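Welcome to a short set of exercises with worked solutions. Please have the model open beside you and try each task before reading on.

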Amino acid sequence: LEPFDESVIERMSSQGIYTHLVTDHSHYFEDGGCTYHNRYCTWEGFRGQEGDRWVPRKAADMELNGNRNNKQGLSVEQHMANRSRMEEEAKMPSVRTIDAGLEFLSQYETEDNWFLQIECFDPHEPFYVPEKYRRMYECRDCREAYNWPCYQPVDSKITEEDLENLRREYGALLTMCDYHLGRILDFLDEHSMWENTLIIVNTDHGFFLGEKGYLGKNYPPMYDEMVHIPFFISYPGCEPGRRNALAQTIDIAPTLLEYFGVECSHEMDGKSMMPILKGDEPIHDSILFGIHGGQGNIYDGRYLFMKGCANEANEPLVNLTLMPTQMRGFMPSKVLKQGELVNGSRFTNGIPVMKYPAGTYLRPYKYGDLLFDMETDPAQEHPIEDHKIKEDMCRKLMAAMDRIEAPKEEFIRLGLRG
């Protein structure tokens, strides 16, 4: 979170809602994510996921990364060191996170006005999982496990057999996650909490396991495999069933505020999902999404439009921030020297902000503009060429970007305005 952001968690806490976070998401403990977890009244963090700089690297057994297709490098070495302290399922950080969540529930299930976030990093790669789950999927010897794919297109070095083995490793990890999520659901059953508790199960993004010829995430277009993610909500008194209205993860924050009866102190991009939960009433005409430096995407419930950048250099691209950090470490000094203080906007709640030039490994230019009819082509296999529809979606994209006061550089980068 930026200093100019209004934290919904902090707002709830100030109004008497006890907020608690349990997580093994190590990015919170790094430079780029260090301001989120401290907004909670209390929090617990569990070390060891992915390349979390935790166990001294001399403990790494690199023979465990024997598959030729696996990622290599410092984070892999770090992970192998971390694994030396989680050789049993009970010691794995995701399991310890669930344990901590259940401990909180056992203490607070008879209390009112609390919010618990149980955030597990799994099933993120690497797909490290105890052998009992791997046996269910007849996975290879653990030293040959294809469980940490590089972010890249599927090439001639990766066979169909490789992809099948990768999916088996992923399935094994999903099965472990399902089991431990089930422990939470069992607790809710045993203590009759469904009748008086708002429960949300969601995630942040998907992952390509060979679909559409990709592995990983971030660099490909934002296809449904990446962005159409699990989103389950149980609301006391709400009729069960599927809802069709458009919703995004940014809608969770205003939903929480309405549920707890806390007034919002600032303008938000998201909207409360209560109308959807109570009657499947729409709250969005369209939704805007994407990744910094990638295509600009908009979906109106029928058509999905992905706007590519206007030039191969993918410029101009900027960072607007008062926290000049990367995930690990600070922005380079050569970038910091180019910073300039600019006027605040809706994004910064009117607070002046530093603008820095940004770079990216994303290359959306090669994908161009993509338009899909999600009603007739939900698998997004056949992009359509319809100039009239594309123009209409461009107008909707610009209107959405104007509404959130996107920086002028973004309009230029996407070729929407000169």
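**Exercise 1. Charges over rings**

Which residue lies over the face of Tyr223, and at what distance from the ring centre?

Before solving, two notes on the ground rules. This is a predicted model, where local features need pLDDT of at least 70, side-chain atom pairs count only at pLDDT 80 or more, and totals for chains, interfaces and linings use all residues. Residues are numbered from 1 along each chain as its sequence is written, and side-chain values use heavy atoms, with hydrogens and water left out.

Step 1. Recall the test: a charge sits over a ring if NZ of Lys or CZ of Arg is within 6 Å of the ring centre and within 35 degrees of the ring normal.
Step 2. Apply it to Tyr223: Lys212 lies over the face of this ring, at 5.0 Å from the ring centre.
Step 3. Try another ring: over the face of Phe411 you will find Arg417, at 4.4 Å from the ring centre.

**Exercise 2. Strand pairing**

Work out the partners of β1, then the strand order in the open sheet of 3 strands.

Step 1. Fix the terms: helices (H or I, at least four residues) and strands (E, at least two) are DSSP runs, numbered from the N terminus. Two strands pair if DSSP finds at least two bridges between them.
Step 2. Start with β1 and β3, which run parallel and are joined by 6 bridges. Here Tyr18 stands opposite Trp114 of β3.
Step 3. Turn to β2: its pairing with β1 is also in the parallel sense, over 4 bridges. Thr23 has Gly45 in β2 as its bridge partner.
Step 4. Check the surroundings of β1 (residues 18-23): 5 of its 6 residues are buried (under 20% relative accessible area, with exposed meaning over 50% and partly exposed in between; 1.4 Å probe, protein chains only). The strand is therefore largely enclosed by the rest of the structure.
Step 5. Now the open sheet: the order is β4-β7-β6, with antiparallel pairing. β4 (152-153) and β6 (208-209) each have a single partner strand, so one side of each is left without a neighbour in the sheet.
Step 6. Inspect β6 and β7 (residues 214-216): 2 bridges join them, and Phe208 is partnered by Gly216 in β7.

**Exercise 3. Aromatic pairs**

Describe the pairs Phe127–Tyr170 and Tyr235–Tyr259.

Step 1. Set the criteria: rings of Phe, Tyr and Trp (its six-membered ring) pair if their centres lie within 6.5 Å; planes under 30 degrees apart count as stacked, over 60 as edge-to-face and the rest as tilted.
Step 2. Search the whole structure, which yields 16 aromatic pairs.
Step 3. Look at Phe127 and Tyr170: this pair is tilted, 5.0 Å centre to centre with 55° between the planes. Phe127 lies in the loop between β3 (114-119) and α4 (131-136), and Tyr170 in helix α5 (residues 160-190), so the pair ties together parts that are 43 residues apart in sequence. Both Phe127 and Tyr170 are buried.
Step 4. Tyr235 and Tyr259 are edge-to-face, 6.1 Å centre to centre with 70° between the planes. Tyr235 is in the loop between β8 (231-234) and α7 (252-260), while Tyr259 is in helix α7, 24 residues apart.
Step 5. Note that Tyr259 counts as partly exposed, at 27% relative accessibility.

**Exercise 4. Nonpolar cores**

Which residues touch the most other members of the largest nonpolar core?

Step 1. Define the core: a set of buried Ala, Val, Leu, Ile, Met, Phe, Trp, Tyr and Cys residues joined through side-chain atoms within 4.5 Å.
Step 2. Among its 22 residues, Met12, Ile17, Phe115, Leu256 and Phe260 touch the most other members.
Step 3. Sort by element: α1 (8-14), α7 and α8 (274-279) give two or more residues to this core, and α7 gives the most, with 5.
Step 4. Find the second, separate core: it has 19 residues, including Met86, Tyr170, Cys177 and Leu209.

**Exercise 5. Asn67**

Is Asn67 buried or exposed, and which backbone oxygen does its side chain reach?

Step 1. Locate Asn67 in the loop between β2 (42-45) and α2 (74-82).
Step 2. Its relative accessible area is 3%, so Asn67 is buried.
Step 3. Follow the side chain of Asn67: it reaches the backbone oxygen of Glu144 at 3.0 Å.

Key: A polar contact is a pair of N or O atoms within 3.5 Å; within protein, one must be able to donate a hydrogen and the other to accept it, and residues adjacent in sequence count only if both atoms are side-chain atoms.
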